[in-house]
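Work through the exercises below with the sequence and the model side by side, and try each task before reading its solution.

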Amino acid sequence: KVMLTEKYFSKKNVYYDSYSSSYSYLKVFSSSEDKSLDDRFFVAEYNIGYLGWAELHLVFETNKVNFSKMNVIKMWMYGKKTYKSIMFHLVDWFNERYTVRILDSWDGWKQLVIPLEKFKFRMDFQSGDYKMNLKMDFPLRSLIFSMNAYRSPDSIGKYRLMIKDIEFLRE
C-alpha cells in the first residue's frame with residue numbers, strides 16, 4: 001500500500017486483489033503486461049460461469065484520505081453495449097458493503113458520476129466480520145467491481161472491464 005496523494009487512484013496508490021468462485025475466473029492486467037495502459041487504468045477480464053462470481057478489489061490506505069468530505073465518485077468506464085451488469089461496492093470502515101449496479105449500455109468511454117448516496121446497503125450479502133449499523137462509515141476501506149451470475153444471470157460469460165481516472169470528490 002502507498003499513500004493516496006495523487007488526483008486519481010492508480011496502481012501506485014492502492015492495493016488491488018481479485019477473488020472468484022470455482023465456476024469463474026478473473027485476470028487483472030497491469031501496465032507492465034500491456035504497454036498500452038498507464039497506471040491510471042484498471043483492466044480486468046471476467047469469465048463468469050453458471051452461479052459463479054468474481055471481484056476486483058481496490059483497497060485504499062484509509063488513514064491518508066478524509067473520505068467524509070467527499071460525496072461523489074467519478075471514473076471513466078469503457079462500454080461495449082453488452083448489457084451486462086457490473087456491481088460497484090463501497091466497503092465502509094466497519095466492513096459493510098454498499099452497492100450500485102451499472103449496466104454496460106453504451107459504446108466507448110463514458111464518465112460515470114455516482115453520488116455516494118446512490119450506494120445502498122447490500123441486504124443479501126455482507127462479509128462475516130462486518131458491524132451492521134446501516135450507515136456508511138468513513139474512512140472507506142475499498143471499492144469492489146463485481147460480476148455475479150447468481151444475482152445477475154446476464155453476467156454469465158466473458159467481460160473485459162476497463163476503468164480509469166477514479167476520483168472521490170465533493171460536488
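The exercises that follow deal with confidence, strands and burial.

This is a predicted model, in which local features need pLDDT of at least 70 and side-chain atom pairs count only at pLDDT 80 or more, while totals for chains, interfaces and linings use all residues. Residues are numbered from 1 along each chain as its sequence is written, and side-chain values use heavy atoms, with hydrogens and water left out.

**Exercise 1.** Establish where the chain can be read with confidence.

Begin with the pLDDT (the predictor's confidence in each residue, from 0 to 100): its mean over the chain is 82, and 83% of the residues reach 70 or more. Next, set aside residues 1–8, where the pLDDT is below 50, although this stretch has 27 contacts (heavy atoms within 4.5 Å) beyond near neighbours in sequence. Where pLDDT is low, the predicted coordinates should not be read in detail.

**Exercise 2.** Determine the strand order of the open sheet.

First, list the elements: the chain has 11 strands and zero helices, where helices (H or I, at least four residues) and strands (E, at least two) are DSSP runs, numbered from the N terminus. Then follow the pairing, which requires that DSSP finds at least two bridges between two strands; six strands give the antiparallel order E1-E4-E10-E6-E7-E9. Finally, inspect E6 (residues 85–91) and E10 (residues 142–148), which are joined by five bridges, with Leu 90 opposite Leu 143 in E10.

**Exercise 3.** Find what share of the chain is buried.

Applying the cut-off for buried (under 20% relative accessible area, 1.4 Å probe, protein chains only), one obtains 52% of the 171 residues.

Methods. Buried means under 20% relative accessible area, exposed over 50%, partly exposed in between (1.4 Å probe, protein chains only).
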